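Visitor: I'd like a close look at a single part of this protein rather than a quick tour of everything. Could you pick one helix, go through it slowly, and then follow the chain onward from there?

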Amino acid sequence: MSKFLQGIKKPFLVTLALLLICGLAYPLLLTGISQVIFPKQANGSLITVDGKAVGSVLVGQDFTDARFMKCRPSAVNYNTYTQEDKENEKYTGIGSGSKNYAPTNPELSKRVQEDIAEFLKENPSVKKEDIPTDLLTASGSGLDPHISPKSAEVQIPALAKATGLSEDRLKEIVNENSQGKWLGIFGEDTVNVLKVNLQIAKDLNLAEDAD
């Protein structure tokens, strides 16, 4: 028995040491460093209005109000479901990525056609062939909050009509919340939809106060 205990003593101590180092000390160290150096990013890059979190600059949202710019198809509600969804087996569990359907998948075709019809209804001045692709397709993560400048531009006439803001003002808002390619080379020019909509909401509140 004594030899057995002597034999397991060293591996037990090594396991305990690694558990404390890798499972406790290392995560706490990285958490502490991130909170000091990148506190905003470490806490989810949240945007707050009047002390209340309204979203993250890194996660897209589904906007249904005609006064707000539309994002690309988003899986932001990937972990929400009703009891009815669960009973009907529509809830497939936690997962944030896009559905990754093949181009020939009938479910994808159906969803895209429905999105096209809805977009054309909300934006009567836009032709079907002029709808940017990213407004109809999800990103790889399914959570991207950005759209292309073209996707923002094509929505401006309808937004101007719904909000009462001028097209010039809406273009200013889009430009203020746009980001160019990193180092002018990598990535794409993007527009953050959440930031645009927060500015629209702010402008509308100012307009209402002025009235």
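Guide: Happy to, and let's take helix α4, residues 106–122. Keep in mind that this is a predicted model. α4 has 17 residues and reaches 24 Å from its first C-alpha to its last, close to the 24 Å expected at 1.5 Å a residue.

Now look at which side chains α4 tucks away. Its buried residues are V112, I116 and F119. They cover an arc of only 70° around the axis, which puts them on the same side of α4. There's a simple piece of helix geometry behind that sort of pattern: an α-helix has 3.6 residues a turn, so residues three or four places apart point the same way. Turn α4 around, and the face away from the buried side carries the exposed residues P106, K110 and K121.

Step off the end of α4 and you come to N123, found in the loop between α4 and β3. Buried or exposed, for this loop asparagine N123? N123 is buried, because its relative accessible area is 5% and the cut-off for buried is under 20%. Leaving aside neighbours within four places in sequence, N123 is in contact with V154, Q155 and A158.

V154 is worth a stop of its own. This valine lies in the loop between α5 and α6, and at 13% relative accessibility V154 counts as buried too. Setting aside neighbours within four places in sequence, V154 is in contact with F119, N123, V126, D130, P132 and L135. So the trail leads back to our helix: F119, one of those partners, is also one of the buried residues of α4. V154 and S125 are 29 residues apart in sequence, yet their C-alpha atoms are 9.0 Å apart in space.

Just before that loop, A152 is found in helix α5, residues 149–153. A152 is buried, with a relative accessible area of 0%. Apart from neighbours within four places in sequence, A152 is in contact with M69, I147, V174 and V191. The C-alpha atoms of A152 and V193 are separated by 8.3 Å, although these residues are 41 apart along the chain.

V174, among the partners of A152, takes us to α7. In α7, R169, L170, I173 and V174 are buried. They cover an arc of only 140° around the axis, which puts them on the same side of α7. The face of α7 turned away from that buried side carries the exposed residues D168, N175 and E176.

α7 also meets α6. The axes of α6 (residues 156–163) and α7 (residues 167–176) come within 9 Å and cross at roughly 115°, and the crossing is right-handed. I156, P157, L159, A160 and T163 in α6 meet E167, L170, K171 and V174 in α7. Those contact residues divide into 6 nonpolar, 1 polar and 2 charged. V174 thus turns up both in this contact with α6 and among the partners of A152.

Zoom out, and the protein chain comes to 8 helices and 5 strands, running α-α-β-β-α-α-β-α-α-α-β-β-α from the N terminus on. Buried residues make up 27% of its 211 residues. Of the contacts with a separation of 6 or more, 56% are between residues 24 or more positions apart.

Technical notes. Residues are numbered from 1 along each chain as its sequence is written. This is a predicted model: local features need pLDDT of at least 70, side-chain atom pairs count only at pLDDT 80 or more; totals for chains, interfaces and linings use all residues. Side-chain values use heavy atoms; hydrogens and water are left out. Axes are lines fitted to C-alpha atoms, for helices over the stretch in contact, and angles run from 0 to 180 degrees between N-to-C directions. Helices (H or I, at least four residues) and strands (E, at least two) are DSSP runs, numbered from the N terminus. A crossing is left-handed if the near helix is turned anticlockwise from the far one by less than a right angle, and right-handed if clockwise. Contact means heavy atoms within 4.5 Å. Ala, Val, Leu, Ile, Met, Phe, Trp, Tyr, Cys and Pro count as nonpolar, Asp, Glu, Lys and Arg as charged, and the others, Gly among them, as polar. The expected span of a helix is 1.5 Å times one less than its number of residues. Buried means under 20% relative accessible area, exposed over 50%, partly exposed in between (1.4 Å probe, protein chains only). The arc is that of the directions from the helix axis to the C-beta atoms.
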